[in-house]
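This report describes a predicted model. It takes up the contact between the chains, and then a sheet within one of them.

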Amino acid sequence: MSNGDAIIQMRNIGKVFYADEVETHALAGVHLDINQGEYVSISGPSGCGKSTLLSILGLLDSPSSGQYLLANNAVEALNRGQRSDIRNRQIGFIFQAFNLIGDMTVLENVELPLSYRKGVSSSERRERAVAALEKVDMAHRLGHYPAQLSGGQQQRVAVARALVGAPAVLLADEPTGNLDSKNGEQVMQLLDELHRQGSTICMVTHDSRYADYATRKIFMFDGRIVDEETMHRLRAEEDYRHFDEHKGLRIRSA
Amino acid sequence: MQALLFDLRHTLRSLLNQPFFTLTTVVMLGMGLGLVLFMFGAIQSLVLQSPPYPNADQIAHFGLRNSVTGERNIRVGVNTYLDIAESQQSLAHIGAFYSGTINLSDQQRPTRFEGSNVTHGVFETLGINPVLGRVINEQDMQVGAPAVAVLGYDLWQQRYGGDASVIGRPVRVNSRNATIIGVMPEGFRFPEREDIWIPMNLDVLDGTRNSAPTVEVIGRIAAGKSSAQAETEFQALLERVNQQYPQARRADTAVVKPLAENMVSEIYARVLNIMLAAVSLVLLVACANVAGLLSARAATKQRERTIRSVMGATRWRLFWEGLLEAGVITCLAAAVGLVIAKLCGNWFMSALASTEHPPPSWALHFHIDAYLIGITIVAVALTTLLSGFVPAWRSSKIPENQIMREGGHGAISSGLGRLGKCLIAIEIALSLVLLVSAGLVIRTVIQIENIDTGADVHRTLTGRLALMDQHYRSDARVTTQFLERLQEDLSNAPGIAMATVTDTLPMTNVRRGWVATANMDIEDEDHLPMSVPIVVADNYFNFFRIPLVSGRVFSQHDDAESELVMVVSQDLAQRLWPQESAEGKTLTIKTGSGATETRTVIGVVGEVEYDGQDLGFGSGNVRVGAYYLPLTQSKGQFWSVAIHTLNEPHTVASVLRDVVARQDSDMPVYWIRSMDDWIEIASFRHQLLATIFIGFGIVALCLTASGLYALLSYTVTRKTREIGVHRAMGAPTWVIVRNITKDSLLQVAVGSFVGLGLSMLFAQLLSYVLFDVSPFDPVSFLLAVLFFALVCLTASIVPAFKAVRITPMQALRYE
C-alpha cells in the first residue's frame with residue numbers, strides 16, 4: 001500500500017477513549033494518504049473526530065490501533081520524547097486560538113521551535129525566524145508582544161512559527177475560527193501561497209468557503225472518512241432522527 | 001547554553017511581568033534563606049572560624065575526657081602542663097594560661113580588668129608579637145623575678161593615651177609592684193576579652209597532683225608533625241603519670257583538638273545547632289509556601305507549557321524550564337537573604353557582646369565571606385529543588401492533545417489540587433513546631449525572671465573584690481578580719497541597712513565541688529556526688545532570709561580554732577541522708593587549695609538558687625543543692641559583698657567603693673550590680689533565644705498565613721463558576737463559605753495534628769535550653785494552637801468574604 005509520494009500514510013487507524021467504563025470510538029478504520037505538496041481540508045460535524053485525527057496526525061496523541069507512517073517512518077508507537085522530536089522537525093501547527101506565548105516577543109515566539117532543536121545557533125535561529133516572519137509579512141513587528149497585535153497579525157505570526165522549522169507538513173486546526181472574514185480571508189490566502197510554494201497542508205475547517213482552498217477535501221462522520229455525498233446523506237438522516245426523537249417517535253435505523 | 005539563555009531571558013521577563021508574584025515569592029523565600037544563612041554565618045563566626053593567629057590550624061589545645069562520665073575538661077593540672085612541656089616531641093612551642101580578672105593600679109583609680117596569667121610560651125605558640133616592648137619570657141617566670149605586665153592595645157590607648165613611653169613604667173598589678181614590658185597589637189585579646197597579661201605563678205606546685213591548680217594548655221604543632229601524634233604522646237604521658245602516681249590516678253584520656261574548637265563554649269555550639277534546626281524548619285515552611293505558589297502559577301501557565309510541548313519541547317525541557325523559574329526566584333531570594341542574614345548577624349553579635357560572658361571578641365563579627373557564599377550556593381540549589389522540583393515535574397506532565405480539545409476557551413485544569421493542600425498542611429505542621437518552641441522558650445524566660453531564688457534579694461546591691469595582695473594570701477585571718485571590718489563599716493554607712501560577705505552570691509554560680517559522706521571513697525572522685533560550695537559570713541542566712549530547717553547556722557563561736565563545721569541545704573541533705581537527720585553527720589570536701597577536709601554538719605537550711613548564667617542550659621538544670629562553710633574557717637581571694645539598701649540599690653554604689661577604698665586603696669570593686677541585675681543577666685541568654693524563636697515563629701506564621709490565604713484565594717478563583725451556579729440556585733451564604741473553607745479547615749486540622757506530634761519531638765531537642773518548663777508544657781502547646789488557629793481563621797476570612805460577594809451574573813460571565 002506504500003505510496004512513494006505520500007508524506008502521510010494512515011492505515012486502519014482507530015482511537016478509543018475510555019472514561020468511567022464508557023468506551024468512545026472517536027476514530028474507526030481511518031485510511032488516509034496525504035502526498036507531498038498536497039493541500040487537504042478535513043470537514044465534518046462537531047464530534048466527528050476531526051480534532052482527534054489532527055492530534056494523531058500531529059503526533060499529539062497515539063492511535064489505539066492501525067499504522068501511521070510519517071515520511072515513510074512508522075510513528076504510531078513512538079514514546080513521548082521521540083514524538084516531541086519528530087513534531088519539532090517535521091510538523092508545523094497553526095491553531096484556531098493562535099496560541100502565541102504572551103510573555104514572548106513575536107521574534108521569540110517564532111524562534112521557539114528552533115530553541116528545542118539541538119545544533120541551531122542563536123544567530124541561525126534569529127535569521128530563520130526573521131525569514132519566516134518576512135514570509136508572512138510580519139518582520140516589522142519583531143519586538144512586539146502578541147497582545148499588541150490584531151488577531152490576523154497574531155495568526156500570521158503563528159503561521160511563521162509553524163513554518164520556521166521547515167516542517168514536512170503544516171497542520172492547521174480551524175485557522176480562521178477566531179478571525180473576522182477579512183482577516184480570515186488573508187490567512188487563507190497566505191496558506192494558499194505557502195501551498196503554491198510547495199508546502200504540504202492539512203487543514204481542519206467547518207467553513208466550506210475555506211475548504212474550497214484545498215486541492216482535496218476529506219469529510220468525516222462518526223469517526224470515519226466518508227465521501228462528500230455520503231456525509232450529506234448521513235447528516236440528513238441524523239437530522240431527521242433527531243427531529244423525530246423530539247416528537248417522541250422512535251426510529252430504528254436499518 | 002543558548003537554550004539556557006533563551007529560557008533564562010524568557011523566565012526573567014515572565015517574572016518581571018508578574019511583579020506581585022515575583023516580589024511575594026522572593027520575599028518569602030528570602031526570609032527563610034536569610035534566617036538560615038544568618039545561622040550558618042553565626043556558627044561560622046562563633047564555632048568554626050579559626051582564631052586570628054598565624055597558621056591557627058597548627059595550634060592545638062590539650063584537654064581531657066573523663067572516660068567514666070564522658071565529660072570533657074578543657075583544663076589540665078599545672079603538673080600535667082609541665083610534664084607535657086618536658087616530654088612532647090611534636091610541638092614547636094607550648095604555653096599555658098588561665099583567665100580571670102587582674103587589678104591594675106597606678107596614679108588613676110584602681111581598676112579590675114579581664115586578664116590572663118600566662119606562661120612564657122603562650123605568645124610564641126600563638127605567633128603574635130607585641131607592637132611595643134616585649135612579651136613575657138622565661139626569666140619573668142622564675143620564682144622571685146620582678147613582676148611584669150603586658151598591656152592590651154585598647155587598655156594602652158584608653159588608660160595611657162597610646163603613650164610609647166609606657167614601657168618600663170611602674171604600676172601595681174594585683175597589689176604587687178610591677179613594670180609594663182609590652183603592648184600587644186590591636187585586636188589581640190587572647191583568649192577571649194583580655195586587656196592585660198601577667199606571668200603565671202608556678203610557685204604553687206607544693207600540693208598533690210590532684211590538688212594542683214588547673215590551666216589551659218596550647219601548643220604549636222612542629223613542622224612534619226600532627227595533632228594526632230601530639231594526642232598519642234599526651235595519652236602515653238597520662239598513662240605514665242597514672243603508673244607513677246597511683247594515688248592520683250584519674251580516668252582521663254587525652255584530647256588534643258584544634259584551638260578553634262575550644263575557644264567558644266560548648267553551650268554556644270549546642271544552642272546554635274538547636275537554632276539551626278529551628279531555622280531549617282522556617283526554610284522548609286518557605287519552600288513549601290513557594291512550592292505552593294509555583295504550583296498555582298504553573299496551573300495558570302499550563303496552556304503555555306502545552307504550546308511548548310506541541311512545538312517539540314520534551315518533558316525534560318519543560319521540567320527544566322519550571323526548575324529554572326524556581327532557580328531564578330531562589331537566586332533573587334538569596335540576595336535578599338544575604339541582606340537579612342547580615343542585618344540579623346550584626347544584631348545577634350552585638351547582643352552577644354553585651355552578655356555577661358560573651359564569646360571571644362574576634363568571633364563577634366558577622367562576615368559574608370567565601371564560606372557563607374558557598375553555603376548560599378548550596379542553599380540555593382537545595383531550595384530550588386525543594387520548592388521547584390514537584391511543581392516543575394507536575395507541570396511538565398502535559399497531555400499535548402489537550403490543546404486540541406480546549407481550543408481557545410475552556411477551563412484550565414487545576415495544577416494545585418492535592419499538592420497545594422499537602423503543602424499547606426506541611427507549612428501548618430512546621431509553623432506549629434516553631435510556635436510551640438517559641439512558647440516554651442518564652443515560658444523559660446518568664447520562669448527565670450520570676451524565679452524564687454529562695455533568698456530575699458529585694459533592694460540588694462552587690463560588688464566583687466579580689467584580695468590579691470600577698471598579706472591577704474599568706475594569712476587567712478587577715479582576709480577574715482578585712483572582710484568582717486568591711487561588713488561592719490558597710491552596715492553603718494549611710495543608706496545601707498545591712499551587709500554580708502560571701503564568695504558566691506545567689507544566681508551567680510558556675511562552680512561545683514564533690515562531697516563524700518563517711519562511707520564514700522574519696523579517691524573515686526568521678527563517682528562522688530557534686531554540690532555547690534558557698535563560703536559565707538555568719539549573718540548570711542539572716543541577710544538573705546534563708547530559712548533554717550533544723551539545727552543551727554554559724555555563729556561567732558565557729559572560728560578558725562573551733563571544730564570544722566558546715567551547713568547543708570535541704571536538697572543535699574535529702575540526697576545524702578534520706579530518711580535521716582543530717583545534723584552531726586560528717587562530710588569530706590575538697591577545699592579551694594585542693595586539699596581535703598572533713599566537716600561536721602550543724603544545720604540544714606532552705607534551698608537557694610545559685611546557678612546563674614548557665615541556668616537552663618544543660619547542666620544548669622541539674623539541682624545539686626549547696627553546702628555552706630563559715631568565712632572564718634575558709635580561705636579565698638575572691639569575695640562578694642551584698643548590702644541591703646534603704647533606697648534604690650545603685651544609689652549607694654559610690655558608698656560601697658568609698659568604704660572599700662578606705663580599707664584598701666589598691667582594691668577595686670567590680671561587678672557592682674543589684675541582685676535584680678544578676679537575675680536579668682541569668683535570663684538574658686534566654687531572652688535572646690526567645691527573641692530569635694519569636695522571630696522564627698512569626699516568619700513561619702506569616703508564611704503559612706499567606707500560603708493559606710493564597711490557596712483559598714486560588715480556590716475562590718477556580719470555583720467562581722461553581723459559586724455562581726450555587727448562588728443562582730439560591731445557596732445561602734454559609735453554604736458558600738463552607739464550600740470554600742472546608743478544605744482549608746481540614747488542612748489546618750491535619751497540619752495541627754502532625755505539628756503537635758513534631759513539636760513534641762522538637763521539644764526534646766529544645767529541652768537543653770529549658771528551665772523549670774516541661775518540654776510538653778501544656779500551656780505552651782495550647783496557646784500556640786489557639787494563636788495559630790486565630791491566624792489561620794483570619795487568613796481565611798478575606799477569601800471567604802470575596803467568595804460571598806460573587807454574584808451569579810459575575811460568576812457565569814467569568815472566564
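## Interface and sheet

In this predicted model, the contact draws 33 residues from chain A and 30 residues from chain B. The size of an interface is often expressed as the accessible area lost when the parts come together; between chain A and chain B the buried area is about 2,800 Å², with carbon and sulfur atoms giving 54% of it. On the side of chain A, the residues that lose the most area to chain B are A:Arg80, A:Asp103 and A:Tyr116, which together make up 24% of what that side buries.

Between the two chains there are two salt bridges, and A:Glu108 forms a salt bridge with B:Arg9 in which the closest N and O atoms are 3.2 Å apart. The polar contacts between chain A and chain B amount to 13 residue pairs, both residues being at pLDDT 80 or more. At least two residues of the side of chain A that touches chain B come from each of helix 1 (50–57), helix 2 (80–90), helix 3 (106–115) and helix 4 (122–135) of chain A. The residues of that side divide by class as follows.

| Class, side of chain A | Number of residues |
|---|---|
| Nonpolar | 14 residues |
| Polar | nine residues |
| Charged | ten residues |

Chain A also holds an open sheet of six strands in the order 6-7-8-3-9-10, with mixed pairing. Strand 6 (91–94) and strand 10 (224–226) of chain A each have a single partner strand, so one side of each is left without a neighbour in the sheet. Within the sheet, strand 3 (residues 39–43) and strand 8 (residues 201–204) of chain A pair in the parallel sense over four bridges, and A:Ile42 stands opposite A:Val204 in strand 8 of chain A.

Technical notes
Residues numbered from 1 in each chain as written. Chains lettered and ligands numbered in written order. Predicted model: local features only at pLDDT ≥ 70, side-chain atom pairs only at ≥ 80, totals over all residues. Heavy atoms only, no water. Pairing = 2+ DSSP bridges. Contact = heavy atoms within 4.5 Å. Buried area = accessible area lost by both parts, 1.4 Å probe. Salt bridge = Lys/Arg side-chain N within 4 Å of Asp/Glu carboxyl O. Polar contact = N/O pair within 3.5 Å; in protein donor to acceptor, adjacent residues only side chain to side chain. Nonpolar A, V, L, I, M, F, W, Y, C, P; charged D, E, K, R; others polar.
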